[in-house]
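Let's take a walk through this protein together, one stretch at a time. Keep the 3D view open and turn it as you read.

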Amino acid sequence: MLSIREIMTTDLFTLEASATLAGAEQRMKTHRVRHIPIIDVEKRLIGLITQRDILAADKTGIFVSDVMRRDLYTISQTADMRAAALMLQKHKIGSLPVLQGEKLVGIITDSDYVGLAINLLEQMEAIEPDDVNDYDAADATDEV
């Protein structure tokens, strides 16, 4: 079974708690991410800020530490993909910081699972007979 380590994002965009909320918003826009782990000076995970947190807050003079989530669900990089997917689904969250001990080493998001699903579907299509690939979605109906 695939482990988290195999699909997690390791090129992380992080912030320190002293960053401004406006700065966090700009970083999300620039890097097209919806979750930013917040780390301390020793690179330990201390929180997480989401796009939803930023949208709900008044950004004027507010620091990341004022709105970041501190009670986080995290997962080990050695965990399997099913365990992470179940955590995301059960807790209705969009991301899981990935830890090795106390050190942040990656993040896995619901978008990573969409990418994995697309890859698996493409692999399935590659081994299916041609007549299945010729299916015309316009012929489908949503009859109840």
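Where is the place of Gly-115? You will find Gly-115 in helix H6. Please keep in mind as you look around that this is a predicted model. Gly-115 counts as partly exposed, because its relative accessibility is 37%, and the cut-offs for that class lie at 20% and 50%. Now look for Ile-7: 108 residues separate Ile-7 from Gly-115 along the chain, yet their C-alpha atoms are separated by 9.5 Å.

With that pair in view, step back to the whole chain. The chain holds seven helices and six strands. Reading from the N terminus, their order is α-β-α-β-β-α-α-β-α-β-β-α-α. Of its 144 residues, 33% count as buried. If you take the contacts between residues at least 6 apart in sequence, 52% of them join residues at least 24 apart. The chain exposes about 9,500 Å², and 51% of that comes from carbon and sulfur atoms.

A good place to go next is helix H5, which spans residues 81–91. Its buried residues are Met-81, Ala-84 and Leu-88. They lie on the same side of H5, because the arc they cover around the axis is only 70 degrees. Turn the helix over, and the face away from the buried side shows you the exposed residues Arg-82, Gln-89 and Lys-90. What do the buried residues of H5 pack against? Their partners are helix H1 (4–7), strand S4 (75–76), S5, S6 and H6.

Follow the chain out of H5 and you come to Lys-92, in the loop between H5 and S5. Its phi is near 55 degrees, a positive value in a residue other than glycine. Lys-92 counts as exposed because its relative accessibility is 73%, where the cut-off is over 50%. Another lysine to look at is Lys-43, whose place is in the loop between S2 and S3. Lys-43 is not a glycine either, and still has a positive phi of about 70 degrees. With a relative accessible area of 47%, Lys-43 is partly exposed.

Now move on to strand S5, residues 95–100, where you meet Ser-95. Is Ser-95 buried or exposed? Ser-95 counts as buried, because its relative accessibility is 4%, and buried means under 20%. Leaving out residues up to four places away in sequence, Ser-95 touches His-35, Leu-48, Leu-88, Ile-107, Ile-108 and Thr-109. One of these, Leu-88, is also among the buried residues of H5.

Leu-99 sits in strand S5 too. At 15% relative accessibility, Leu-99 counts as buried. Beyond its neighbours within four places in sequence, Leu-99 is in contact with Leu-45, Thr-74, Ile-75, Ser-76, Gln-77, Leu-104 and Val-105. Thr-78 makes a useful reference point: Thr-78 and Leu-99 are 21 residues apart in sequence, and C-alpha to C-alpha they are 9.2 Å apart in space.

Finally, let's look at the pockets. Rolling a probe the size of a water molecule over the atoms shows where empty space is left. The largest pocket has a volume of about 400 Å³. Its lining consists of 17 residues, and those closest to the centre are His-35, Thr-50, Arg-69, Ile-93 and Gly-94. Strand S3 (45–50), helix H3 (51–56) and S5 are the elements that give two or more residues to this lining. H3 gives the most, with three residues. Sorted by class, the lining of the largest pocket has six nonpolar, five polar and six charged residues.

The second largest pocket has a volume of about 210 Å³. Of the 13 residues that line the second largest pocket, Val-33, Arg-34, His-35, Ile-107 and Thr-109 are the closest to its centre. You have met His-35 before, since Ser-95 touches it. Two or more lining residues of the second largest pocket come from each of strand S2 (35–39), strand S6 (103–109) and helix H6 (110–127). By class, this lining has five nonpolar, four polar and four charged residues. With helix H6 you are back at the home of Gly-115.

Conventions: Residues numbered from 1 in each chain as written. Predicted model: local features only at pLDDT ≥ 70, side-chain atom pairs only at ≥ 80, totals over all residues. Heavy atoms only, no water. Helix = DSSP H or I, 4+ residues; strand = E, 2+ residues; numbered from the N terminus. Buried < 20%, exposed > 50% of the residue type's maximum accessible area, 1.4 Å probe, protein only. Contact = heavy atoms within 4.5 Å. Areas by Shrake-Rupley, 256 points an atom, 1.4 Å probe, with all protein chains shown as cover. 1 Å grid on protein atoms, 1.4 Å probe; cavity = no way out; pocket = protein on both sides within 12 Å on 5 of 7 lines; lining within 4 Å. Points joined across faces, edges and corners; volume = space filled by probe spheres on them. Nonpolar A, V, L, I, M, F, W, Y, C, P; charged D, E, K, R; others polar. Arc of directions from axis to C-beta.
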